[in-house]
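Here is a short report on a few spots in one protein. Look at the model first, then read on.

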Amino acid sequence: MTDLPIPAYSGPDRVLSGVQPSGALHLGNYLGALKKFVDLQNRMECLFCVVDLHAITAWQAPDQLATQTREIAAAYLAAGVDPRKAVIFPQSAVAAHAELAWIFQCVARIGWLDRMTQFKEKSGKHKEGASVGLYTYPVLQAADILVYKATHVPVGEDQKQHLELTRDIAQKFNHDFDAPGYFPLPEPLIEGPGARVMSLRDGRVKMSKSDPSDQSRINLTDDADTIAAKIRKARTDPAPLPESVEGLKDRPEADNLVGLYSALSGRTEADVLKEYGGQGFGQSFKPALADLLIETLSPMAAEMAKYAADPAEIDRVLAAGAEKACTLAEPVIAETKRLVGFWSDKA
Ligand code: TYM
């Protein structure tokens with residue numbers, strides 16, 4: 001060991017993120033992830049995958065999975081991701097993800113995974129009955145990111161701990177295999193008012209596709225009447241909207257709705273409250289929020305329906321993306337295997 005500083009990663013900036021094809025997408029997925037993808041594709045090299053390997057950590061009907069994968073790809077396109085700028089592909093089409101995940105399973109420690117709160121939430125009281133894949137899920141996520149040496153990862157707040165684990169795995173790999181600066185320590189891109197969209201029925205739990213109540217979320221495919229009705233019925237406390245941002249403290253439902261307004265309009269929360277503070281929620285704030293949502297989501301829903309009617313177009317995008325992603329992952333997995341010491345006829 002020397003006292004020299006560990007060399008930092010010095011490769012190009014690259015973005016990777018993914019969404020599971022395990023059910024209908026909602027507003028949280030849009031604001032926490034998809035909206036950021038669209039912005040980033042103009043600034044950095046981007047890869048966006050549909051993480052079907054992650055989806056099967058919980059049961060997925062085999063006759064539905066490919067359709068669900070196409071639906072997520074269609075949502076990427078409908079949100080504005082441009083396949084000429086970003087690589088869109090299914091995770092299972094690039095074998096290097098699973099290969100690197102195995103190597104990382106031998107780098108990550110059981111104690112690290114035991115701390116993952118998402119596994120605890122998803123496995124609930126019956127953790128013995130959960131799949132092993134659900135437990136090692138964050139290790140595969142690290143492989144998704146590092147197999148492209150991605151430096152930036154746009155995600156919602158709920159993924160923060162998984163990104164910390166990714167950094168720990170990268171650091172331990174670099175150390176164990178005497179490869180300083182080999183894997184980057186990726187930066188999570190979480191900030192912004194849409195990073196943690198909460199349920200419309202309870203401002204203390206996040207909006208989620210697994211919530212049994214459809215009233216708790218806005219689905220990206222909801223029509224205008226459904227959106228308006230869900231916002232009208234969204235839970236609030238009886239007090240009027242506060243005049244300032246400090247007034248949102250300890251008012252989770254109000255905080256969530258004002259945050260949504262801010263994320264969708266691009267205005268600060270303070271500015272939103274300057275207009276609506278002191279008024280009741282139903283007076284003009286909720287109708288204006290519903291209008292904003294409809295304005296944003298209706299064109300996306302229409303695009304998604306168009307792609308659903310033309311799966312061949314989606315398949316072309318996914319096939320071209322898979323080819324490009326394989327080309328990018330290939331040298332990284334080859335070099336990683338060399339560092340681990342596996343046999344190769346090219347050595
Ligand atoms: P998934 O499919 O559960 O979620 C997809 C994205 O949506 C974000 N999200 C939210 N953002 C704000 N508010 C919410 N209520 C909300 N609910 C979901 C998630 O944070 C995520 O960004 N583990 C990932 C998938 C994944 C991945 C990766 C992401 C697999 N490999 C590599 C980044 C890089 C997930 O949660 O998917």
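Contact means heavy atoms within 4.5 Å. This is a predicted model, where local features need pLDDT of at least 70, side-chain atom pairs count only at pLDDT 80 or more, and totals for chains, interfaces and linings use all residues. Residues are numbered from 1 along each chain as its sequence is written, and side-chain values use heavy atoms, with hydrogens and water left out.

**Two buried residues**

Buried means under 20% relative accessible area, with a 1.4 Å probe and protein chains only. Helices are DSSP runs (H or I, at least four residues), numbered from the N terminus.

| Residue | Place | Relative accessible area |
|---|---|---|
| T57 | loop between helix 2 (52–55) and helix 3 (62–79) | 13% |
| N256 | helix 10 (residues 252–265) | 8% |

Set aside neighbours within four places in sequence. T57 then touches S131, G133, L134 and Y137, all by contact. Its side chain also reaches the backbone oxygen of H54 at 2.6 Å. With the same neighbours left out, N256 is in contact with R196, V197, M198, S199 and L200.

**Two crossing helices**

Two packed helices are described by the angle between their axes and the distance between the axes. Axes here are lines fitted to C-alpha atoms over the stretch in contact, and angles run from 0 to 180 degrees between N-to-C directions.

How do helix 3 and helix 13 cross, and at roughly what angle? The axes of helix 3 and helix 13 (residues 311–340) come within 10 Å and cross at roughly 85°. Helix 3 is therefore roughly perpendicular to helix 13, a term for angles of 65 to 115 degrees. Helix 3 brings T69, R70, A73, A74 and L77 to the contact, and helix 13 brings P311, I314, D315, V317 and L318.

Conventions. Helices (H or I, at least four residues) and strands (E, at least two) are DSSP runs, numbered from the N terminus. Buried means under 20% relative accessible area, exposed over 50%, partly exposed in between (1.4 Å probe, protein chains only). A polar contact is a pair of N or O atoms within 3.5 Å; within protein, one must be able to donate a hydrogen and the other to accept it, and residues adjacent in sequence count only if both atoms are side-chain atoms. Angles under 35 degrees count as roughly parallel, over 145 as roughly antiparallel, 65 to 115 as roughly perpendicular and the rest as oblique.
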